[in-house]
Amino acid sequence: MDVIKLKAFYTVAMMGSFSRAAEKLFFTQPAISSQIKELENEYNTTLFERIGRNIRLTEEGKALLPYAESILKSFEESQFVVDSVGDKKLGSIKLGASALPGVNLMPEFVAEFRKLFPLINFQISVNYAYQIRKMVLNNDLDMGLVGSIEMGGQEEQLVEQTLLNDPIVVVVGREHSWSTRNEITLSELKEQPLILSFKSTITRQVIEKQFGKFDIPLKLAFEIGSTEVIKRMVELNLGISILSFSSVKKEVAAGWLKSLVISDLDLFRRINIIYHKEKLFSSALKLFIDFLLSKHSAVQL
């Protein structure tokens, strides 16, 4: 019996679907069905009961499930042990990032790290923060980089560490009357037409939370789901925006936009590292997390 048959069996049992298991394991559905059939032949029993499109474990399948889980966990641990005594500069990391750090920070982090460890490879996913958290919880990713309003999430199984604080700044175009200034006050924003991201974004949530404390209304001119479109509209002087500095630093450096600090309000969003609390670190993963924390931890952009 090889491990892949048990992995196919375990994944189908967990996901309740041959097709979803095939997608998760990057197999075809017939290949998954074949692995299950071979496993059933080896045990001389039926592991799944199929009724129409629904499947469920038989009593024999239920009995096998905890042993399959234990064997697969032991196999994964053995891979880490072998890796740890081998070349620590080799390996692969499954990294996920939410949109803002995925676009504006993660490529630089990986580029810096690869200069030191060029033989460590990355499989990278960029998605919504809640999807990255879900993938880390399901062990589909080794770790994630996600934006957050506050330290710590609601998932007890996740370890969450703040990597850096990303300031949230007011952004204006070159033709705006504030373009020669470096800071403004909160009260000055009351009558300014704002171009903001949707309420579901971390940056918008930070803005509304802090403005609400001082009973400052948001005068919305446009509400847009694309940061790139927001920046372009600010550049054309259609309004001003409030964005994380990491998302505008290139445009500010080029002189296309000007960023201003709100002098009487400390606005920032956290960029956090997340990983499963039971995650067994490969040497490559440990190197990368140590690199990030030693080089970037607790800094402000």
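Which residues of helix 10 (residues 245-254) are buried? They are Ser 246, Ser 247, Val 248 and Glu 251. The model discussed here is predicted.

## Helix 10 and its surroundings

The buried residues of helix 10 pack against several elements. Two of these are helices: helix 5 (99-104) and helix 9 (227-235). The others are strand 6, strand 10 (241-244) and strand 11 (257-262). Just after helix 10 comes Gly 255, with a positive phi of about 85 degrees.

Glu 251 carries a charge pairing as well. Its side chain forms a salt bridge with Lys 231, and the closest N and O atoms are 2.8 Å apart. Glu 251 belongs to helix 10 and Lys 231 to helix 9, so the bridge ties together parts that are 20 residues apart in sequence. Both ends are buried. Glu 251 has a relative accessible area of 13%, which is under the 20% limit for buried. Lys 231 is buried too, at 6% relative accessibility.

## The nonpolar core

The largest nonpolar core holds 25 residues. Those with the most contacts inside it are Ile 93, Leu 95, Phe 122, Met 143, Leu 145, Phe 288 and Leu 292. Strands and helices both contribute. The strands that give two or more residues are strand 3 (91-97), strand 4 (120-126), strand 5 (143-148), strand 6 (158-173) and strand 12 (268-276). The helices that do so are helix 6 (106-116) and helix 11 (283-296). Helix 11 supplies the largest share, six residues.

Met 143 shows how the parts meet. Leaving aside neighbours within four places in sequence, Met 143 is in contact with Lys 94, Leu 95, Gly 96 and Val 136, among others. Its further contacts include Ile 273, Ile 274 and Tyr 275. Leu 285, Phe 288, Ile 289 and Leu 292 are also on the list.

## Aromatic pairs

The count of aromatic pairs comes to nine. In one of them, Tyr 275 and Phe 281 have ring centres 5.0 Å apart and planes at 80 degrees, so the pair is edge-to-face. The cut-off behind that label is an angle over 60 degrees. The two partners differ in exposure: Tyr 275 is buried at 14% relative accessibility, whereas Phe 281 is partly exposed at 29%.

Ring pairs also build a cluster. Its members are Phe 113, Phe 117, Phe 122, Phe 288 and Phe 291. Phe 122 and Phe 288 were named above among the core residues with the most contacts.

## Helix 8

Thr 203 lies in helix 8 (residues 202-213). Its relative accessible area is 7%, so Thr 203 is buried. Beyond residues up to four places away in sequence, Thr 203 touches Leu 100, Ile 168, Ile 242, Leu 243, Ser 244 and Arg 269.

Helix 8 also holds a salt bridge of its own. Glu 208 and Arg 204 meet through their side chains, at 3.0 Å from N to O. Both lie in helix 8, four residues apart, about one turn of the helix. An α-helix has 3.6 residues a turn, so residues three or four places apart point the same way. The partners are covered unequally: Arg 204 is buried at 2% relative accessibility, while Glu 208 is partly exposed at 31%.

## Salt bridges across the sequence

What is the count of salt bridges? It comes to 15. One joins the side chains of Lys 24 and Asp 140, at 2.2 Å from N to O. Lys 24 sits in helix 2 (residues 18-25) and Asp 140 in the loop between helix 7 (129-137) and strand 5, so this pair ties together parts that are 116 residues apart in sequence. Lys 24 is partly exposed, with a relative accessible area of 32%. Asp 140 is partly exposed too, at 28%.

## A nonpolar surface patch

Which residues form a nonpolar patch on the surface? They are Phe 222, Leu 236 and Leu 238, with about 270 Å² of accessible area together. Phe 222 is found in strand 9 (residues 220-223). At 34% relative accessibility, Phe 222 counts as partly exposed.

Key: Residues numbered from 1 in each chain as written. Predicted model: local features only at pLDDT ≥ 70, side-chain atom pairs only at ≥ 80, totals over all residues. Heavy atoms only, no water. Core = buried A, V, L, I, M, F, W, Y, C linked by side-chain atoms within 4.5 Å. Buried < 20%, exposed > 50% of the residue type's maximum accessible area, 1.4 Å probe, protein only. Contact = heavy atoms within 4.5 Å. Patch = residues over 30% accessible without salt bridge, like charges linked within 9 Å, V, L, I, M, F, W, Y side chains within 5 Å. Areas by Shrake-Rupley, 256 points an atom, 1.4 Å probe, with all protein chains shown as cover. Salt bridge = Lys/Arg side-chain N within 4 Å of Asp/Glu carboxyl O. Phe/Tyr/Trp six-rings, centres within 6.5 Å; stacked < 30°, edge-to-face > 60°.
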